[in-house]
Each structure stands twice: as C-alpha cells, then as structure tokens.
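Trainee: Got a minute? I'd like to go through this structure with you.
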Amino acid sequence: MPGGWRREPSRGPVDPALGPFAERAPGTRRWCFADQLGPHFLDGPDQPVLLVESRAVLARRRFHRQKAHLVLSALRHRAAELGERAEFHQVRTYGEALARCRDQVSVCAPTTWRSRDLVLGLPDVQVLAPRGFVSTQEEFAAWADGRGRRRLLLEDFYRDSRRRTDVLMDGADPVGGTWNLDEQNRQPPPPDGALGVPEPWWPEEDEIDEQVRADLDRWEADAEVSFVGDDGPRLFPVTRVEAVRRLEHFLDTRLGTFGPYEDAVLSGDRWLAHSLISPALNLGLLDPLEVVSAAEQRYRDTAAEGDPLPLSSVEGFVRQVMGWRDYIWHMYWYLGRRYRHANALAAHEPLPAWMAELDDAAVEAACLSDVLGNLRRDGWVHHIPRLMVLGNYALQRGIDPLELTGWFHRSFVDGYDWVMVANVIGMSQHADGGVLATKPYAAGGAYIDRMSDYCGGCRYSPRRRTGENACPYTAGYWTFLERNRERLAGNQRVRRQLQGLDRLGDLPLVVEQERQRGTSAP
C-alpha cells in the first residue's frame, strides 16, 4: 500500500536499543526513571536508588497539567519513601544528575527509543533488560519470528502468553473452555444510565502534592514550561500503597460489572466500571503479572464460594493488561524506529487548534465536546472515547497521524511514546496499512448512538448526512471511505462499505459539505 509500512528484515548488527541486556546488577545504584517506580525495578530491598527530576523533560513538550503533576508527585513520593537509600536530584538535565553521582549506576532499559539511546551512550551506566511487562522482549521476538508470513495478531499473542504464564488456564485449556469472551462485553449502556457500582477509590493529596502544585505554578508563571488542561485535584495513585488500594477496591467492587459495559460510554458517568489503574501501571507502581494474578485469584476464590465473578469480566480485564498492553509495548520495539512515520492513508491535515487546546466549549457535537471536556478536566478517558470519538474524528478528517500521536502522548496522564505510537499509528489511524488492525476503525454516528447516550440531546442527528443537522461522524464516515476508496480497495473487511458508496445518490453533496467543514470545530 503506498505510504504504508512494512517491517524490513534485519540485516547486519541488531539495533543496540534492542539488547541483549543483562538481567541484574545488584551491586550498583539503580537509576529509576519516572515510569520505573515500583519495587520490581530493583534487584533487592536494600539496593540504593538514583532518582532524577529533569526540568528539561517538562519543557520539551506542552503536557497536560495533571500529567506533569502526576509524574513529579510520583517521583517525589518515591524519594520520600526511600529516604537515605535514594539520591534525588532536581536538575535541568539527566547529565547534571549523573555528574553528581559517585556510585556505579545501572538502569533497566527505558521505555522509549530516545531514552534508550541516551542511556546506551553513557559509558559508566550499565543497561539491564526492561521490566514492567508480562512477556520479555526475547519471548515476544521468538513468538513473532516463529509466525513466518502469518500476521502478528493480538489474539494469538495473548493465547501464547496465557499458556506460558498459566494465567486463567485449566491445564492446557483456558478456564471455561473459551479464550475470548469479547462477544459478551459489548453491551450498550443501561437505559437508566446507572451501572450500580460505587465510585473508584480516590487518593488524598498531601504536602508533596502541594509543593508540586506550587512549583508548577511558579515555573509556568516564569514561562519555563507551558501546559494544557485543568489543574487537579489528583485522581490517580502516585505511590505503590495507593496503587494497590485502587486495584483492590476495583477487584472488590467493580470487576464483576466491568466486562459487559467496557465499551459503553455515558455522559454522566465517565468512570463506569473501569479500573483506572493504567497510570499506576505505566508509572511502574504495579507489576502487570501481579495485577492479572490478583484478578484470577479473585475469580477462583469466588468460584470456590459458589458465586463466581463473571468470567467475561475477568477475562476482559486480563486481556487488557497482559494482552493488549504487552502487545502494544512489544510491537513498539519489534516494528522499529521508522514505524511512527507510517502514513498509508496520506493523512496530512494539521491538528486543529481547538483540539490541541482541549477546547470543548468550541464544539457543538455532544460526544466530541463531552469527551474533550473530560480529557481537559481529568487527563483521562477510557479506550472507547479515545478510539471511537477522538481517534475516529481524526481518522475521518485526515489529521496527520504522527502529529496526532504526539497529542495523545502529551494529553493523557497514562500516555507515553510506547503507549501511543502503535495505538495511534496502527489501531486508531490505520496509518500502517493494516499491520495491527485488519480494517480502519472508522464508524458513523450510528455506532456512537448505540454505545452511548450522547445523540439524544445533540444538535446533530446520527441519521443525517447532509444539511445543518448532519452528524459530522455520519457524513465524515462516508467522506472518509470516498477519499480512501482506492487505498482500501484490496481490504475485504470494508468491501461492502465501499460498495455502499455507489448507492449514495447524495455522495457528491456529502463530500463537498465535509470539505467545507474540514477540521473546524463541529
């Protein structure tokens, strides 16, 4: 596919960022990046630690205010926990901190190409194998290389991982006899808009948070940094104790309801039954294997008591943590440095200013305005608003996928380069031409109407594709297909939709209408 992406077979030496790396270095001071804050990043309970708060990292991008707060608060809380075991340097660059450290330093391989290149270029730093994921890079590479010409499907990787780790298995078979219970987990929201679950557990801010807030206010006033989005209160854990508390509360009160409504969206309930642990996982406060093991144990305990949690909910949660999260992490490395530049659908529209600024007040479309407002307020929305409201809009409008990837990275509290590159380039924007997803995740207003409660009060009608009340998603869907008709012609999963274009007598009117609308706030 022109503009698409294909992984080139390796020639010559392996990229040093891919290792191999040693597993342990117990006699060293462990440099922990701000996403490596849990005990599983250390080789022992008494290992000395190096923590670095780099002002230059914050100045490099215009992050969401709550993302900046979360990272600094987590770093400072970790330093306070470790006490004299930690050297904690608040400096402009990492180099300044390393120049002050007199011990031999080791570091678990960081989570981005850029940061790995940085540590590999430091002669006195020993780089170890990455941690914080269920499968190792060697295990994933062995699985992927063994596929031959077959596609690297999440489902196959997920099954392989469950077999290797014995998670939700009864001998050689999956618990319940079925690997995938997604079909049971696609219910629309209940008509009364109430799931009947308690709110998530919320952390309480402390004096460290107060100091972080004061510092961020001062730095912004001095024009050293700039942010988007609203300030606190802090919604997500910054310590392991808080992270475990949120996980246990989810397992106790919300896991059973999670599965059926994991794809639903409600304007009055932005949390639904989601776990809200992705920021804690991505800060390294929780080990993903301990998370899925705890969920499995809760299922087996309730089954032994005669009142089992719904297996569809447990399996759906396990799939998110050890399936999708691990898969996205490994594809980030396996697909290589240039994958982020894929643009198979020739999408070159710049990110509109209202979107970059999280300006929900500029938007009249109920779904897009509400989701953008939640992102502005919280720095988080769950996977369906990300994919089917924000990503779907960008896909239909032809927004540049690399620019969009950067926006997702900056705007979400759980967003990191490794998280967003494959999720946005592959899953959301189909910019890789079908490496990750077998078809573009484009949908009209009918999908949003079915899976949410937005459309009833919206000025746009999901059933209208022309006129003043034409839904920007419905009209945008057909315009997207028409614009990419030739590029998608070989994709059998959208063959019927492409054929449907020829039955739309008003297609030229729809296309012209959406050309005029462009990326102005709908």
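Trainee: What phi does His430 take, just after α17?
Mentor: His430 takes a positive phi of about 50 degrees. Helices here are DSSP runs of H or I, at least four residues, and strands are runs of E, at least two, both numbered from the N terminus. The model is predicted: local features need pLDDT of at least 70, side-chain atom pairs count only at pLDDT 80 or more, and totals for chains, interfaces and linings use all residues. Residues are numbered from 1 along each chain as its sequence is written, and side-chain values use heavy atoms, with hydrogens and water left out.
Trainee: And α17, how many of its residues are buried?
Mentor: 12 of the 12 residues in α17 (residues 417–428) are buried, so the helix is largely enclosed by the rest of the structure. Among them are Trp418 and Asn423. Buried means under 20% relative accessible area (1.4 Å probe, protein chains only).
Trainee: What do they pack against?
Mentor: The buried residues of α17 pack against α10, α12, α15 and α16. Contact means heavy atoms within 4.5 Å.
Trainee: New topic. What's the strand order in the open sheet?
Mentor: The order is β3-β2-β1-β4-β5, with parallel pairing. Two strands pair if DSSP finds at least two bridges between them.
Trainee: Which strands are at the edges?
Mentor: β3 (86–91) and β5 (125–128), each pairing on one side only.
Trainee: How many bridges join β4 to β5?
Mentor: 4 bridges. Cys108 stands opposite Leu128 in β5.
Trainee: Which strands does α2 touch?
Mentor: Helix α2 (residues 65–82) packs on the sheet and touches β2 and β3.

Definitions and conventions. Axes are lines fitted to C-alpha atoms, for helices over the stretch in contact, and angles run from 0 to 180 degrees between N-to-C directions. Buried means under 20% relative accessible area, exposed over 50%, partly exposed in between (1.4 Å probe, protein chains only).
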